[in-house]
Amino acid sequence: MKQPTEVFDEWAISGKDKGMEISHAVSVSEILDYALARLDTDNNQFTFLDIGCGNGWVANQLAEKENCTLSVGIDGAANMILNANKRQSKAVFFLKDINDIEVENKFDLIFSMEVLYYLDNPSNVIKNIYDLLNPNGRFIMGIDHYFENKECHDWQGKLGTRMHLFQENEWIDFFKNASFNNIFSWRANSNDWAGTLAITGTK
């Protein structure tokens with residue numbers, strides 16, 4: 001099987017990253033609207049980290065908000081970061097190993113879309129994310145590849161890369177084990193399918 005970063009490098013070269021941007025837009029908008037409406041910071045200003053930022057479209061959007069003082073995107077696929085840097089965005093982008101995230105800053109809002117199930121140990125990464133948050137900071141994630149979404153059960157075979165298939169309650173347990181508070185989950189953009197599983201918690 002290919003490494004996930006190999007798959008995403010190929011997607012970045014072929015232009016499939018733009019298709020991901022379009023297909024995920026509705027779910028991402030709903031998820032981020034939830035998080036931004038519940039910011040708990042001085043003067044409502046915030047710093048933002050997108051884990052698995054792809055071509056940088058989300059970090060770029062957040063960087064345009066007046067109350068966002070720093071927007072950072074990280075990704076493990078070099079060609080995704082190349083595409084992100086072509087945006088000439090106010091956001092900054094770094095090539096990082098998401099399995100063991102090391103960044104200098106702490107953040108008020110950390111976001112991840114369609115990334116964590118590709119990682120070696122998602123539970124450990126969520127614990128790492130907790131440590132990257134400021135007090136009262138929020139982590140919020142969205143995934144389409146989870147057990148209750150039957151449509152996704154053959155994706156690993158189709159993509160040819162390992163993809164963990166956990167149940168919703170298992171993902172919630174990862175948040176609990178990482179000491180998150182105020183854990184909440186729902187299905188975003190679920191009009192005509194199972195929906196994107198959105199999970200959030202605060203520090």
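This report describes the overall fold, the salt bridges and two buried residues of a predicted protein model.

## Overall architecture

The protein chain contains 7 helices and 7 strands. Along the sequence, these elements follow the order α-α-β-α-β-α-β-β-α-β-α-α-β-β. The radius of gyration is 16 Å, close to the 17 Å given by the globule rule for 203 residues, so the chain is as compact as a globular protein of that length. Taken along the principal axes, the box filled by the C-alpha atoms is roughly 45 × 40 × 35 Å.

Of the 203 residues, 52% count as buried. Among contacts with a separation of 6 or more, 65% are between residues 24 or more positions apart. The accessible surface of the protein chain amounts to about 9,600 Å², and 45% of this surface belongs to carbon and sulfur atoms. The chain carries 18 positive and 29 negative charges, and the mean positions of the two sets are 1 Å apart.

## Salt bridges

The structure holds 6 salt bridges. Three of them are listed below with the distance between the closest N and O atoms.

| Basic residue | Acidic residue | Closest N and O atoms |
|---|---|---|
| Lysine 2 | Glutamate 10 | 3.0 Å |
| Lysine 90 | Glutamate 64 | 3.7 Å |
| Arginine 162 | Aspartate 120 | 3.3 Å |

In the salt bridge between lysine 2 and glutamate 10, lysine 2 counts as partly exposed at 37% relative accessibility. Glutamate 10 is likewise partly exposed, at 37% relative accessibility.

The salt bridge of lysine 90 with glutamate 64 has its closest N and O atoms 3.7 Å apart. Lysine 90 lies in the loop between helix 4 (78-85) and strand 3 (92-95), and glutamate 64 lies in the loop between helix 3 (57-63) and strand 2 (68-75), so the pair ties together parts that are 26 residues apart in sequence. Lysine 90 has a relative accessibility of 60% and therefore counts as exposed, whereas glutamate 64 is partly exposed, with a relative accessible area of 46%.

The salt bridge between arginine 162 and aspartate 120 has its closest N and O atoms 3.3 Å apart. This pair links distant parts of the chain, 42 residues apart. Arginine 162 is placed in the loop between helix 6 (155-159) and helix 7 (168-177), while aspartate 120 is placed in the loop between strand 4 (107-113) and helix 5 (122-132). At 31% relative accessibility, arginine 162 counts as partly exposed.

## Two buried residues

Isoleucine 199 is found in strand 7 (residues 196-202). Its relative accessibility is 0%, so isoleucine 199 counts as buried, the limit being under 20%. Leaving aside residues up to four places away in sequence, isoleucine 199 touches Phe139, Ile140, Met141, Trp171, Ile172, Phe175, Ile183, Phe184 and Ser185. Aspartate 120, the acidic partner of arginine 162, is 79 residues from isoleucine 199 along the chain, and the C-alpha atoms of aspartate 120 and isoleucine 199 are separated by 19 Å.

Serine 27 lies in helix 2 (residues 16-36). With a relative accessible area of 2%, serine 27 is buried. Again leaving aside residues up to four places away in sequence, serine 27 touches Met113, Ala188, Asn189 and Thr196.

How values were computed: Residues are numbered from 1 along each chain as its sequence is written. This is a predicted model: local features need pLDDT of at least 70, side-chain atom pairs count only at pLDDT 80 or more; totals for chains, interfaces and linings use all residues. Side-chain values use heavy atoms; hydrogens and water are left out. Helices (H or I, at least four residues) and strands (E, at least two) are DSSP runs, numbered from the N terminus. The radius of gyration is taken over C-alpha atoms; the globule rule is 2.2 Å times the number of residues to the power 0.38. Buried means under 20% relative accessible area, exposed over 50%, partly exposed in between (1.4 Å probe, protein chains only). Contact means heavy atoms within 4.5 Å. Accessible areas come from the Shrake-Rupley method with a 1.4 Å probe; for residues, only the protein chains shown count as cover. Lys and Arg count as positive and Asp and Glu as negative; His and the chain ends are not counted. The place of a charge is taken as NZ of Lys, CZ of Arg, CG of Asp or CD of Glu. A salt bridge is a side-chain nitrogen of Lys or Arg within 4 Å of a carboxyl oxygen of Asp or Glu.
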